[in-house]
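Q: Please pick one part of this structure and go through it closely. Which partners does it have, and what lies around it?

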Amino acid sequence: MPRFVSAKPDSRLIPLPWGTPLAEWPTEHLVALPRGISRHVVRFIRVGSSVYAAKEVIEHLALHEYRLLHDLMRMGTPSVEPIGVITKRVAADRTELDPILITRHLQFSLPYRSLFASGVRQDTVSRLIDAMVVLLARLHIIGFLWGDVSLSNTLFRRDAGSFAAYLVDAETGELHDALTNGQREHDLIVARTNLFGDFCDLQAGGMLEESLDPLHLVDMVETRYRELWSELTGVEEFSGSELGRIESRVRRLNALGFDVAELDIQTSEDASHIRIQPKVVDAGHHSRRLLRLTGLDTQENQARRLLNDLDTYRVRTGQQHLDEAIVAHAWLTDVFEPVTQIVPTELRAKREPAQLFHEVLDYRWYQSQRENRDVPLTEATHGYVRDVLRKLPDEAMSADALAPLEGRQLADPYDPSKGFLETSEEAPPFDPWEAAAEADEPEAGSGFFDVASLRAKAAAKEASKKDGTVKRSLAASVPAEVDTGD
Ligand SMILES: Nc1ncnc2c1ncn2[C@@H]1O[C@H](COP(=O)(O)OP(=O)(O)O)[C@@H](O)[C@H]1O
Ligand SMILES: [Mg+2]
């Protein structure tokens, strides 16, 4: 009799064929979804409308990972949600089978290989790296030593114009009260080694733009991590006449998505010298504010964008004197919900509502620029659905993943690592997930939504205005802080 260890059991899991090795499960329980490289047998299983990831792994590791993922969830760190561990599995011939760790499939998540479609831009790579670096710093802030930082052990989700990274594999992790510098350095060395391998692998597959050198990329990861860490925890000293620097430090940290729990401020006797050191806690400053105001649970950059729109709405409708929560409610019903409701039901699996809203705001901005008028939000939403959304692959889960792709078929759609049925030497490696991600970018020059050229135009305009100074911050690369008013 298999045994279920679970804090939140899903009884629909009980009748599944636990006595069968995971690799031999009948396909009626499985769903083919993109995923990263793994050591263990990993399958996605479907019960009702829920999808779970199942990993067959030895007992002490399964339990260790289950508990760690629990701790990470409790501390609000972006990671996959543990559901349970199934132990005491026995096959029909009485041989013992390894336990299975079940986690909830992270909806709308993209393994990195899906993102590295051929010709991935430098810009996309640096956004991915930023997401990865922020994740690593967030884990280190709470005392989590990952031990196996790699692209395959990270999932990415869209977060406005950036990405948010999630930890998917905690098997090697350790939770401490706080990490020593030596422990953090250890994780960085592991990160360098693994990521170098991941990038070389992408390069060998022709998926990395030629100008992107793996060594340069891992250097970039390390430099950015160090910059972020010193921004988060470093001591800053300045003279008593520069008090504004205290506030700017806090603002910069908030903009990076971190909160300041305490600020240790020391002043010299005559107050001419000030020394500050923040104690940063893992944040979600904006997403918490948005959640409190509207009940919308979003990523940090999406929250920032939505809050911007909320603030603009407040000014536009002359409600500055009203309580923020009341205005937020009005914005939700007058602005946000109408946009999401325009989307036909069958297209709703393509984007999370918050991401969709963000993209509609972008779409409207570009259309307004192009046509030199204020495009109403409803009109822009219809345009976005027609020109963009219809053409995107599903991100919630790709139901069409089983269909043959351009005459090619996966040897085992439930295990993409097995490659394709017939492989010709000549053809470049073809990955359906990458093809789907590629289709993601609206075609350039299609006449109605040429983002690249519009972005370039907008950037040129901005640059001429600002005399060429382009401001950029780690996690806060929301595309152009534009006025989102109707
Ligand atoms: N909960 C989940 N949601 C989405 N994808 C998942 C989930 N769990 C695992 N995966 C996918 O499966 C892959 C392998 O899982 P992982 O835990 O890293 O296995 P291993 O320990 O064998 O490396 C990951 O790279 C990820 O793409
Ligand atoms: Mg792994």
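A: **Strand β7 and its surroundings**

Among contacts in the protein chain with a separation of 6 or more, 67% link residues 24 or more positions apart. The model is predicted. The protein chain has 486 residues, and 33% of them are buried. It holds 13 helices and 15 strands. The part chosen here is β7, residues 100–104.

Start with the sheet. Five strands make it up, in the order β1-β4-β7-β3-β2. The sheet is open and its pairing is antiparallel. β1 and β2 are the edge strands, each pairing on one side only. From one strand to the next, the twist averages 25°. In the strand order, β7 stands between β4 and β3. As a general point, the strands of a sheet pair through backbone hydrogen bonds.

How is β7 held on each side? Take β3 (50–56). Five bridges join β3 to β7, and the two run antiparallel. Two residue pairs mark out this pairing. E56 is opposite I100 of β7. Y52 is opposite R104 of β7. Now take the other neighbour, β4, residues 82–87. β4 pairs with β7 over four bridges, again in the antiparallel sense. Here V85 has L101 of β7 as its bridge partner.

Is β7 covered or open? It is mostly covered, because four of its five residues are buried, with 20 or more other C-beta atoms within 10 Å of each one's own. A helix lies over this part of the sheet too. Helix α1, residues 59–74, lies across β4 and β7. Its direction is at about 165° to that of β4.

Next, the ligand. The shell around ligand 1 counts 21 residues, and R35, G36, S38, A53 and D169 come nearest. β7 has a share in this shell: β3 and β7 are the elements that give two or more residues to it. By residue class, the shell splits into seven nonpolar, eight polar and six charged. Two domains contribute. Domain 1 (3–104) and domain 2 (110–233) each supply at least three residues.

One more stretch of the first domain deserves a look. T20 sits in the loop between β1 (3–5) and β2 (41–47). T20 and V90 are 70 residues apart in sequence, yet their C-alpha atoms are 8.1 Å apart in space. T20 is partly exposed, because 15 other C-beta atoms lie within 10 Å, which falls between the limits of 12 for exposed and 20 for buried.

Now leave β7 and follow the chain. F108 lies in the loop between β7 and β8. Most residues other than glycine have a negative phi. F108 has a positive phi, near 65°. Its surroundings are intermediate: F108 counts as partly exposed because it has 17 C-beta neighbours inside 10 Å.

What does the chain enter after that loop? β8 belongs to another open sheet, one of three strands in the order β8-β10-β11. Its pairing is antiparallel. β8 (110–111) and β11 (162–167) are its edge strands, each pairing on one side only. Two bridges join β8 to β10, residues 154–159. In one of these places, P111 has L155 of β10 as its bridge partner. Helix α3, residues 122–141, packs on this sheet and touches β10 and β11. Its direction makes about 40° with that of β11.

For a contrast with F108, go further along the chain. N372 is in the loop between α10 (353–371) and α11 (377–387). N372 also has a positive phi, about 55°, and is not a glycine. Its setting is open: N372 counts as exposed because it has 6 C-beta neighbours inside 10 Å.

Back to β7, to close. This strand pairs with β3 over five bridges and with β4 over four. Four of its five residues are buried. It also gives two or more residues to the shell around ligand 1.

How values were computed. Residues are numbered from 1 along each chain as its sequence is written. Chains are lettered from A and ligands numbered from 1 in the order in which they are written. This is a predicted model: local features need pLDDT of at least 70, side-chain atom pairs count only at pLDDT 80 or more; totals for chains, interfaces and linings use all residues. A residue is near a molecule or strand if its C-beta atom, placed from the backbone, lies within 6 Å of it. Ala, Val, Leu, Ile, Met, Phe, Trp, Tyr, Cys and Pro count as nonpolar, Asp, Glu, Lys and Arg as charged, and the others, Gly among them, as polar. Domain bounds come from an automatic or database domain assignment. Two residues are in contact if their C-beta atoms, placed from the backbone, lie within 7 Å. Two strands pair if DSSP finds at least two bridges between them. Axes are lines fitted to C-alpha atoms, for helices over the stretch in contact, and angles run from 0 to 180 degrees between N-to-C directions.
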